[in-house]
Amino acid sequence: MTSHALLSELPGYGKLRALAGELRSTSIDRLFAVDPDRASRFSLAAAGLKLDFSKHLLTDAALEELLGLAQQSGLPAAVEALFDGEHINTTENRPALHTLLRATTSCGLDGKFEQVCASRALMQQWAERLNNGQQRGFSGATITDVVNIGIGGSDLGPRLVTEALRPYHGNIGCHYVANVDPADLQDTLLELDPETTLFIVCSKSFRTEETLTNSLAARAWLLNAGAAESDLDRHFIAVTSNLEAAAEFGIPADNCLPMWDWVGGRYSVWSAIGLSCAIAIGWPGFEEFLAGAEAMDGHFHDSPPQGNMPLLMGLLEVWYSNFFQAGNHVVLPYDNSLQRLPDFLQQLTMESNGKGVSADGRALPYTSGTVLWGSAGTMGQHSFHQLLHQGTLLCPADFVLPLTTHTGMPEQHRRLVANCLAQSRTLMVGRSREAARQTLLERGLGEAEANRLAPHLAMPGNRPSSTITMQSLNPGTLGALLALYEHRTFCSAHLWGINPFDQWGVELGKEIGTEILGRLSGETGSGPMDASTEGLMREWREAAVRGCR
C-alpha cells in the first residue's frame with residue numbers, strides 16, 4: 001500500500017504554524033472592523049443549511065494555506081474514491097458506502113444499489129403496514145408501539161432522528177433501549193402493553209451482548225404475557241446479517257432486513273437501521289431525510305474547495321486541533337429537539353478519528369481525533385458555558401440554530417434565538433478589564449472594590465465559533481446536517497492520514513469483558529487479574545450474595 005503523507009509532512013504545514021503564531025495576537029473583532037464584507041465572504045449555503053464561519057481566528061491568507069493543505073494531501077482524489085466505492089477502509093479492505101444508502105442513482109455500483117433499493121422497499125412495507133394499523137399482535141390487537149433494541153450506531157442515529165422529528169410523527173410510538181442495565185428495558189416496558197408492542201432487534205451479528213441480552217428479556221416479557229413462541233414473528237423484526245441466529249431466536253427470514261459490512265454502524269441510520277425512524281415519521285418523511293443527505297453529498301462532491309461546507313469545517317477542526325492545540329470541539333444545538341445531536345456526533349467523530357496511527361500503521365506525531373461534547377442551549381449556559389467564556393481551554397464551538405419553531409410559541413423562540421446569538425457574540429468580543437471595572441462602578445461599587453473584582457468579571461473573548469442555520473428543522477435539513485458532519489469527519493481524517501471507517505479500539509474491552517463475565521458466572525479463568533479488578537469482582541460477589549436491600 002502506498003504511504004499517505006502525514007499532515008506534518010505536507011509543504012503547507014510549516015507556513016500554517018507560522019500563521020497560527022501570528023494570529024494568536026489577533027482579535028476576531030478587529031478582523032470584522034477592517035473587513036466590512038467579512039460576514040458574507042466567510043459564509044456559504046448548501047442543501048438547506050447556511051454556515052457562517054466568520055467568527056474564527058482566520059484570515060484570507062490562513063484560509064488559502066488550509067485549502068492548499070487539502071490539495072497537497074490528495075483530498076480531492078480521496079473524495080472521488082469514497083463516492084466510487086473504492087476500498088478506502090484499508091484495514092478491513094472494504095468500501096465505505098453510506099452515501100449510496102441515500103442515493104437515487106446507482107453511481108456505477110449497480111449490484112449494491114439493487115440491494116439498497118430492495119432494503120428500502122422492505123422498510124417502506126413495514127413502515128406503511130404499521131402506520132396503517134395492519135400489524136397485529138398475538139391477541140389480535142393492533143400494534144401501537146415499536147421498541148428499537150440496539151447500541152452504538154444502531155441506537156444513537158435512530159434515536160436522534162426520531163426525537164428531532166417529533167412534529168412529523170404518525171400513529172406509532174417509537175422507543176429506544178440500548179443499555180444492558182436492566183433498568184433501561186424495564187423502564188421502557190413499564191409504559192407499554194405486550195399485546196401491542198413490536199421490537200426491532202438491530203445487530204449485524206445477532207450476537208452483540210447488550211442487544212441480545214435485552215432482546216431475550218423482551219422475548220421473555222412477551223411469553224410471560226401469554227404469547228406463544230409461534231407468535232414471536234408478530235412482535236419481532238431483525239436488522240441483521242445472521243439469519244440463522246435470528247431464526248433460532250424466533251424471527252423468520254421474512255422479518256429480517258439486511259446489514260452490510262460496507263456500511264459502519266455510525267454511518268447506518270440511512271439503512272434499515274433507520275427503520276424505526278421511517279416508522280415514526282412515515283415513509284415520505286424518511287425519503288425527505290434521505291434526500292437532504294443526498295443534497296449534501298452532491299454539494300460535497302461537486303463544490304470547489306473554497307465553497308465546500310464539509311471541507312471548510314474539516315479544515316477548521318484541523319486548524320484548531322493541530323495549530324492551536326485546542327483538542328476539543330463543542331456543539332451547541334439551540335433547539336431542544338436536537339439535544340441528542342452531541343451524543344450522535346461523539347460516536348461519529350471520536351469512533352472514526354480516535355486513532356493513534358496512520359492508515360498505513362505509522363505512529364502519528366501530532367494530535368488527532370478531537371474530543372466532541374456539548375448540550376442543547378440554553379441548558380449549557382447554566383453549566384459549562386462558564387468554561388467557554390473564562391476558562392483556560394480553547395473550545396471552538398458550533399452553534400446549530402433552526403430559524404423557526406414548530407411549537408407555535410414564537411416569543412419563546414425569539415428568546416432562544418437571542419440567547420444563541422448572544423453567546424456566539426460574547427465568545428468573540430469578551431469584556432476587557434477596564435470595561436469590567438466600569439460595569440462594576442455603574443453597579444454602585446466603590447473604586448477599590450471595582451478594581452478588585454474587575455479581573456473576575458473580565459472575559460478574554462476571541463473564542464472562535466461557527467453558526468449553522470436552517471429555515472426549519474425538518475427531515476430534509478436534518479438529513480443534510482448529519483451528512484455534513486459525516487463528510488467533515490472524513491475530511492479531518494484524511495488530513496490526519498487516518499482511516500475513519502474502522503474501530504479496532506473497541507475490541508479488547510469486549511474480549512476482557514467476556515472473560516470477566518465468565519469469572520462472575522463462576523468460571524475459573526486463565527489466570528489471575530490485577531489486584532484492583534480481582535477486588536472489585538470480589539465486592540460484586542459479596543453484594544450478590546447479600547442481595548438488594
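**Aromatic rings and a helix crossing**

I would like to start with a residue that will come back several times, Tyr13, which at 13% relative accessibility counts as buried, but before that, and following the order of my notes, let me begin with Phe236, which counts as buried because its relative accessibility is 0%. Please keep in mind throughout that what we are looking at is a predicted model.

Phe236 has a partner, Phe199, and the two rings form a stacked aromatic pair, with 5.2 Å from centre to centre and 25 degrees between the planes. Those two values are chosen because a pair of aromatic rings is described by the distance of the centres and the angle of the planes. Phe199 belongs to strand S5, residues 197–202, while Phe236 belongs to strand S6, residues 236–239, so this pair ties together parts that are 37 residues apart in sequence. Phe199 also counts as buried, with a relative accessibility of 0%.

How many aromatic pairs does the structure hold? There are 18 aromatic pairs in the structure, and ring pairs also link Tyr13, Trp319, Tyr320, Phe323 and Phe324 into a cluster.

Let me now turn to the helices. Tyr13 is found in helix H1, which covers residues 13–23, and the axis of H1 comes within 11 Å of the axis of helix H13, residues 309–323, with a crossing angle of roughly 75 degrees. H1 and H13 are therefore roughly perpendicular to each other, since angles of 65 to 115 degrees count as such. Where the two helices meet, H1 contributes Tyr13, Leu16, Arg17, Leu19, Ala20 and Leu23, and H13 contributes Trp319, Asn322 and Phe323. Sorted by class, this contact has seven nonpolar residues, one polar residue and one charged residue.

Looking at Tyr13 by itself, and leaving aside residues up to four places away in sequence, we find that Tyr13 touches Leu7, Ser8, Leu69, Asn322 and Phe323. Leu69 is worth pointing out on the screen, as Tyr13 and Leu69 are 56 residues apart along the chain, and yet their C-alpha atoms are separated by 7.3 Å.

Finally, there are rings that have a charged side chain over them. Which residue has its charged end over the ring of Trp270? That residue is Arg102, whose charged end sits 4.6 Å from the centre of the Trp270 ring. In a second case, Arg38 lies over the face of Phe42, at 4.4 Å from the ring centre.

Key. Residues are numbered from 1 along each chain as its sequence is written. This is a predicted model: local features need pLDDT of at least 70, side-chain atom pairs count only at pLDDT 80 or more; totals for chains, interfaces and linings use all residues. Side-chain values use heavy atoms; hydrogens and water are left out. Rings of Phe, Tyr and Trp (its six-membered ring) pair if their centres lie within 6.5 Å; planes under 30 degrees apart count as stacked, over 60 as edge-to-face and the rest as tilted. Helices (H or I, at least four residues) and strands (E, at least two) are DSSP runs, numbered from the N terminus. Buried means under 20% relative accessible area, exposed over 50%, partly exposed in between (1.4 Å probe, protein chains only). A charge sits over a ring if NZ of Lys or CZ of Arg is within 6 Å of the ring centre and within 35 degrees of the ring normal. Axes are lines fitted to C-alpha atoms, for helices over the stretch in contact, and angles run from 0 to 180 degrees between N-to-C directions. Angles under 35 degrees count as roughly parallel, over 145 as roughly antiparallel, 65 to 115 as roughly perpendicular and the rest as oblique. Contact means heavy atoms within 4.5 Å. Ala, Val, Leu, Ile, Met, Phe, Trp, Tyr, Cys and Pro count as nonpolar, Asp, Glu, Lys and Arg as charged, and the others, Gly among them, as polar.
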